[in-house]
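Welcome, and thanks for taking a look at this one with us. Here is a short briefing on aromatic rings, charges over rings and one asparagine.

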Amino acid sequence: MVKVKTIITTDGEVDDMNSLIHLCLYLNEINLVGVVYTSSQYHFNGDGIHTLGEVTPNYRTSGLVGLERPRTKFGPDPDGKFLKAFRPFPMRWIEELWNGAYAKAYPFLSKNADGFPSPEELVKITKIGNIEFEGDVRFDTEGSNLIKKYLLDNDPQPLYLQSWGGVNTIVRALLSIYEEYRNTEMWIELRNKIVDKVRILGVNKGIGQDNSWLDNKIPELYPGITTLCPENLYGTYMGIVPMQPDIAAMFKANWMKKNIHNEKSALMDEYHLMKDGRKVEGEVDVYQFGLHGILDFGFPNVPAQHFEQYDFIGEGDSNTYIPLLSFGLKGNENYRYPGLLGCLLAGDIEAGTPYNLQTGKFEKYNPFIKSYQEDWAARARWCYQEYSEANHAPVVEIKNTNITAKPLEHVAISADVFDPDYDEVKTVWEIYPQYNHYGGKANLLRVWEQTSLNTYFTVPDDAKAGDEFVLILRAQDVNETPMTTYGVLTIKVN
């Protein structure tokens, strides 16, 4: 399996910190080639000389009025143009994570799975980007140059650029290439190569956490450039109120204290939780969730939420890296198929309403997210347990992943499953209507003997040539901290 190549840009808010700490458990699953400090409408560190309005006249920050409670004004703060810095994030917190808590976990992580980068490797790829002001694209930085380097290389593999804060450092890299090559014979070919290769996560319909994407006409300079967002979201601040029932308890204090913040792992104990007593350097009082546990963004008609000590805060930026993880799903290879957050949606495509197998209804529901949350608990133990003590995910092999068939044909399907810890493994074939290409009348599709590895699927009699059915094998081991691997099989009608 080829690991997805990616670069993260982050503005250092507490949810970014949590996303990066959580991602540490999955660094063996991706090819992380850069982590870059950037700015956003919520956080910029200033340069000690200029004001925001001098650098970015079309800013979005709500500034100081956005911190008032009760809040009476919304949108950009007219006085925000005078700001020389806003909620500045602590510098070097990423390097301190690599050299501190991650370094303590690394010897155990690397025993439980191959491919974890060393702390030294991670420090080497951590760079400072355009951090001075929201939307600041005035000059090249170490961070933008790192992105530029990978945009220009000859590797045809997709490059996923994750915007956890403002998109301005990514924009600066794209502008730098345009400015350097636009008047050369190489430009059109080079532009097309970049458009074919790059994928931007964290910008939806041209909107990120600043206005730099559209202000600098990136879609015009790079026609057809791809922006992606997932079908389902994970871990946003307000996303835990309410929560789909099968995972609601997994974001509450009891689960967090038992599985994550349990004083057994220096790395997971770095994870920020409500009222955990920790203060984030540079953050304002209203967003010091570790001190007061109150979630209050001042939105109209949205009451403040009061949380228990050690409840989940948020890691909304994980929506950009979770789709890159496989778990045996195909979503990070082909956007036609789902990943852990459902399908990746390009450009202006809107998500449909998913089907919930538990209730038999089309409703807001992510069928894969419970597996991810359970996997978090299992991998958290990798930070302090030897391989023989910890749990590891089953291995799934589908015998034939791409089958063609005719209407009413009984299609034989089969798979092998192996568990590296020799745990019992429970398996079930699942079919979600939203991932099929089928417009017939059969609403509930299923295989014969759903829990058997070797079984049959009957193609509906009204299936037409070109229709496609997506069968997903879910394999979960029986363990105190269960782990799940999926397998995907497609049946195309000819």
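Tyr234 and Tyr372 are both buried in this predicted model. They also form an aromatic pair: the ring centres lie 5.4 Å apart and the planes meet at 85°, which is over 60 degrees, so the pair counts as edge-to-face. Happily, there is more to explore around these two tyrosines, as the points below show.

**The tyrosine pair and its surroundings**
- The pair joins distant parts of the chain, with the two positions 138 residues apart in numbering.
- Tyr234 belongs to the loop between strand 6 (226-230) and helix 10 (253-259), while Tyr372 is part of helix 12 (residues 369-380).
- Both tyrosines are members of one aromatic cluster, together with Tyr26, Phe251, Phe312 and Phe327.
- Across the whole structure, a search turns up 28 aromatic pairs.

**Lysines over rings**
- Lys257 places its charged end over the ring of Tyr310, at 4.3 Å from the ring centre.
- Lys111 lies over the face of Phe108, and here the distance to the ring centre is 5.7 Å.

**A look at Asn18**
- You will find Asn18 in helix 1 (residues 14-23).
- Asn18 has 0% relative accessibility, so this residue counts as buried.
- Its side chain reaches the backbone nitrogen of His272 at 2.7 Å.
- Leaving aside residues up to four places away in sequence, Asn18 touches Tyr271, His272, Ile313, Gly314 and Glu315.

Note on methods: Residues numbered from 1 in each chain as written. Predicted model: local features only at pLDDT ≥ 70, side-chain atom pairs only at ≥ 80, totals over all residues. Heavy atoms only, no water. Phe/Tyr/Trp six-rings, centres within 6.5 Å; stacked < 30°, edge-to-face > 60°. Helix = DSSP H or I, 4+ residues; strand = E, 2+ residues; numbered from the N terminus. Buried < 20%, exposed > 50% of the residue type's maximum accessible area, 1.4 Å probe, protein only. Lys NZ or Arg CZ within 6 Å of the ring centre and 35° of its normal. Polar contact = N/O pair within 3.5 Å; in protein donor to acceptor, adjacent residues only side chain to side chain. Contact = heavy atoms within 4.5 Å.
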